[in-house]
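Reader: I am new to reading protein structures, and I would like to learn how the descriptive words are chosen. Could you take me through them with care?

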Amino acid sequence: TLTPHRAVDRVVRHTPYLSLTEGDVVAQLASVSFDAATFEIWGALLNGATLAIAPPGVLAAPELGAFLSSYGVTTLWLTAGLFHEVVDADVEVLAGLRHLLAGGDALSARHCRTVLTRLPELALINGYGPTETTTFAAAARLLPAHLAHDTVPIGRPIADTCLYVLDGRLRPVGQGIVGELYIAGEGLAQGYANRPDLTAERFLADPFGAAGTRMYRTGDLVRWTADGMLEFLGRGDD
């Protein structure tokens, strides 16, 4: 995708879901070809923090713990699968963190409960967003009250982002009603490189925004909860 600089900026600066400072150390586990690296690299560099680059390959819990400890990492992003593996193996390797972000797939409520119970000082954040909307479009700092059921909320829109839950005729649906998620705002990519057909299919005119603005059709099914968060319920094409 073709991503403007402003889309990256709103992911890592003046964000509602976490605050990075010069004293933070952000781990880079992701390859630069994976959009999580956008958060890791620019989250550190645009906030005056330190970027700690992990050794290549997937780190098992002991190796991850040694890396986090040796560099004094305070902020870590894990894919959902690796998050679950690390929590099952040894949740205490995460004890030195201030922020733990996880996402890329649905999180397990059981694993999230384990983290919040064993590491109550840690900010556990569920980050949601397709690559086309630049890493994150929504985020939820999770609390025990959010995990009463099996579904982990994906949260509220981050800065300069609009989330629409629409029916098949692009009309907003009410709280608790399942609809498809559309995303608008500064995080949208300009489109797919050399794919005008696919760009036109996925990036639509935003009927709720200013003239000329667009929204991205995610294909994800969601619903608004009573406390104003989104729940992810699956893919519309499953």
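Author: What follows is a conversation about the words used for this structure, which is a predicted model.

Reader: Let me begin with Thr-114; what makes this residue partly exposed?

Author: The relative accessible area of Thr-114 is 24%, and partly exposed is the term for values between the limit for buried, under 20%, and the limit for exposed, over 50%. Because 24% falls between those two limits, Thr-114 is called partly exposed. The residue is found in helix α5, which covers residues 109-118, and its C-alpha atom is separated by 34 Å from that of Ala-184, 70 residues apart along the chain.

Reader: Why is Thr-225 counted as buried?

Author: Thr-225 has a relative accessibility of 18%, and the word buried applies under 20%, so Thr-225 counts as buried. Its place is in the loop between β11 (214-224) and β12 (230-235), and, leaving aside neighbours within four places in sequence, Thr-225 is in contact with Gln-175 and Glu-231.

Reader: And His-14, how do you know whether that residue is buried or exposed?

Author: Here the relative accessibility is 73%, and exposed means over 50%, so His-14 counts as exposed. His-14 is found in the loop between α1 and β1, and the C-alpha atoms of His-14 and Glu-63, 49 residues apart along the chain, are separated by 32 Å.

Reader: Turning to whole helices, what makes α2 mostly covered?

Author: Helix α2 runs over residues 36-45, and seven of its ten residues are buried. Those buried residues are Ala-36, Ala-37, Phe-39, Glu-40, Ile-41, Gly-43 and Ala-44, and what covers them includes α1 (5-12), β1 (25-28), β2 (50-53), β3 (75-79) and β4 (99-103).

Reader: Why is α1 called roughly perpendicular to α2?

Author: The two helices pack at an angle of about 75°, with their axes 9 Å apart. Angles of 65 to 115 degrees count as roughly perpendicular, and because about 75° lies in that range, α1 is roughly perpendicular to α2. The contact is made by Val-8, Val-11 and Val-12 of α1 together with Thr-38, Phe-39, Trp-42 and Gly-43 of α2, and by class it has five nonpolar, two polar and no charged residues.

Reader: How do you know which word fits the angle between α4 and α5?

Author: Helix α4, residues 80-90, packs with α5 at an angle of about 50°, and their axes are 10 Å apart. An angle under 35 degrees would count as roughly parallel, one over 145 as roughly antiparallel, and one from 65 to 115 as roughly perpendicular; about 50° fits none of these, and therefore α4 and α5 are oblique to each other. Their crossing is left-handed.

Reader: Which residues of α4 and α5 make that contact?

Author: From α4 come Phe-83, His-84, Val-87 and Asp-88, and from α5 come Arg-110, His-111, Cys-112, Thr-114 and Val-115, so that Thr-114, the partly exposed residue with which we began, takes part in this contact. By class, the contact has four nonpolar, three polar and two charged residues.

Reader: Finally, what domains are given for the protein?

Author: The domain assignment gives domain 1 (5-157) and domain 2 (161-235). The C-alpha centres of domain 1 and domain 2 lie 24 Å apart, and the contact takes 19 residues from domain 1 and 20 residues from domain 2.

How values were computed
Residues are numbered from 1 along each chain as its sequence is written. This is a predicted model: local features need pLDDT of at least 70, side-chain atom pairs count only at pLDDT 80 or more; totals for chains, interfaces and linings use all residues. Side-chain values use heavy atoms; hydrogens and water are left out. Helices (H or I, at least four residues) and strands (E, at least two) are DSSP runs, numbered from the N terminus. Buried means under 20% relative accessible area, exposed over 50%, partly exposed in between (1.4 Å probe, protein chains only). Axes are lines fitted to C-alpha atoms, for helices over the stretch in contact, and angles run from 0 to 180 degrees between N-to-C directions. A crossing is left-handed if the near helix is turned anticlockwise from the far one by less than a right angle, and right-handed if clockwise. Contact means heavy atoms within 4.5 Å. Ala, Val, Leu, Ile, Met, Phe, Trp, Tyr, Cys and Pro count as nonpolar, Asp, Glu, Lys and Arg as charged, and the others, Gly among them, as polar. Domain bounds come from an automatic or database domain assignment.
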